[in-house]
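Student: I would like a close look at one part of this structure, and at how that part fits into the rest. Please go slowly.

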Amino acid sequence: MPKIVDRAERRREIAGALLRIVARDGVEAVSVRSVATEAGVSAGAVQKYFSTKEELFRFALDLTSEFLEQRWKTLDQSGNLLDLLLRLLTEAMPLDEQRRAEVIVINAFTARAAVLPSWAEFVRTGYDELQEITSQYISEAQAAGDVRADLPASDLADAVLALTDGFANRMLTSADPSALLRSLETSIRTLLGST
C-alpha cells in the first residue's frame with residue numbers, strides 16, 4: 001500500500017527547512033536543492049509542492065505569521081493591556097533561531113517588494129492587516145485607560161510598528177539584543193504611557 005502523505009504538513013516541513021537555512025546561512029543560500037537537502041526530500045519533491053522559489057518564499061512568509069500567532073496564544077494574558085502589548089511585541093523580536101529566521105524572511109520579502117509589484121501587493125496587504133490589528137488593540141487599551149488617549153490609535157499603531165521593525169532589524173546584528181529589547185520597552189512605554 002502506498003504511503004499517504006499529508007500535503008499541507010509536507011509543505012510546512014519544506015517551508016520550515018527554508019526558514020532554518022535563512023537563519024543559519026542567509027537568504028542567498030536558499031535554492032531548491034538546499035531546501036530539499038535540509039528537508040530530507042528530493043529537489044523534485046520540493047518542486048512538486050512549490051512550483052517556484054517565489055511560491056515557497058510566500059508560503060514561508062505566511063508560516064512566520066502562523067508561528068507568531070501560535071506564540072501569542074501561549075502568552076500570559078494578565079496585567080494591563082500595555083504590559084500585554086509589550087509581551088506580544090517581544091514575541092516578534094529575533095531573540096532565538098526561529099524568530100531570527102522569521103525576521104530575515106520578512107526583511108527579504110520587504111526588500112524584494114520594493115522592486116517587484118507582485119510582491120509589493122502581497123507585503124502591503126500583510127502590513128495593512130497588522131496595522132489594523134494593532135490599531136484596534138491600542139484603541140481597546142485607550143478605552144481601558146492603559147495607554148494614552150490624546151492621539152489617534154492608528155497614529156500610535158504606526159509608531160509602534162515602526163519602532164518594532166527598527167528594533168528587530170538592529171537585533172539581527174547586535175551583540176546584545178537584550179539591551180535593545182530593554183530600549184524597545186522603554187520606547188514603547190514612553191510613546192504609549194498614559195498622560
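Student: Which residue caps the N-terminal end of α5, and which backbone nitrogen does its side-chain oxygen lie close to?

Tutor: The model is a predicted one. The cap on the N-terminal end of α5 is N80, with a side-chain oxygen 2.9 Å from the backbone nitrogen of L82.

Helix α5 itself covers residues 81–90. Its buried residues are L82, L84, L85, L86, L88 and L89. L82 therefore appears twice in this account: its backbone nitrogen faces the cap, and L82 is on the list of buried residues. A general point about helices helps in reading such a list. An α-helix has 3.6 residues a turn, so residues three or four places apart point the same way.

The buried residues of α5 pack against four other helices: α4 (53–73), α7 (117–143), α8 (153–171) and α9 (177–192).

Take α4 next, as one of these partners of α5. K73 lies in α4. K73 counts as exposed because its relative accessibility is 72%, and the cut-off for exposed is over 50%. Its C-alpha atom is 9.6 Å from that of L88, although K73 and L88 are 15 residues apart in sequence. L88 is one of the buried residues of α5.

R71 is also in α4. In contrast to K73, R71 counts as buried, because its relative accessibility is 16% and buried means under 20%. Apart from neighbours within four places in sequence, R71 is in contact with E91, Q98, R99 and E102.

D62 is another residue of α4. At a relative accessible area of 44%, D62 is partly exposed. The C-alpha atom of D62 is 9.6 Å from that of I106, and the two residues are 44 places apart along the chain.

I106 leads to the largest pocket, which has a volume of about 1,100 Å³. The pocket is lined by 40 residues, and those closest to its centre are S65, L68, I106, G126 and L130. Helix α5 has a part here as well: α4, α5, α6 (97–113), α7 and α8 each supply at least two residues of the lining. The largest share, 12 residues, comes from α7. By class, the lining is made up of 20 nonpolar, 10 polar and 10 charged residues.

Now follow the chain back from the start of α4. F50 sits in the loop between α3 (43–49) and α4. F50 counts as buried because its relative accessibility is 2%. Leaving out residues up to four places away in sequence, F50 touches R11, I14, E55, L56 and F59. The C-alpha atoms of F50 and R11 are 7.9 Å apart, while the residues are 39 places apart along the chain.

R11 lies in helix α1. R11 is buried, with a relative accessible area of 16%. Beyond its neighbours within four places in sequence, R11 is in contact with Y49, F50, E55 and F59. With Y49 there is also a polar approach: the backbone oxygen of Y49 lies 2.4 Å from a polar atom of the R11 side chain.

L56 is a residue that F50 touches, and L56 brings us to the largest nonpolar core. L56 touches I14, A15, L18, V35, V46 and F50, again not counting residues up to four places away in sequence. The core has 57 residues, and L56 is among those that touch the most other members, together with L18, L19, V35, I138, I188 and L192. Helix α1 (residues 7–25) gives the largest share of this core, eight residues.

Finally, place these parts in the whole chain. The chain has nine helices and zero strands, and read along the sequence its pattern is α-α-α-α-α-α-α-α-α. Its C-alpha atoms fill a box of roughly 65 × 40 × 35 Å along the principal axes. Of the 195 residues, 39% are buried. Among contacts with a separation of 6 or more, 62% join residues 24 or more positions apart.

To return to the request: N80 caps the N-terminal end of α5, the buried residues of α5 pack against α4, α7, α8 and α9, and α5 is one of the helices that supply at least two residues of the lining of the largest pocket.

Terms used: Residues numbered from 1 in each chain as written. Predicted model: local features only at pLDDT ≥ 70, side-chain atom pairs only at ≥ 80, totals over all residues. Heavy atoms only, no water. Core = buried A, V, L, I, M, F, W, Y, C linked by side-chain atoms within 4.5 Å. Buried < 20%, exposed > 50% of the residue type's maximum accessible area, 1.4 Å probe, protein only. Contact = heavy atoms within 4.5 Å. Polar contact = N/O pair within 3.5 Å; in protein donor to acceptor, adjacent residues only side chain to side chain. 1 Å grid on protein atoms, 1.4 Å probe; cavity = no way out; pocket = protein on both sides within 12 Å on 5 of 7 lines; lining within 4 Å. Points joined across faces, edges and corners; volume = space filled by probe spheres on them. Nonpolar A, V, L, I, M, F, W, Y, C, P; charged D, E, K, R; others polar.
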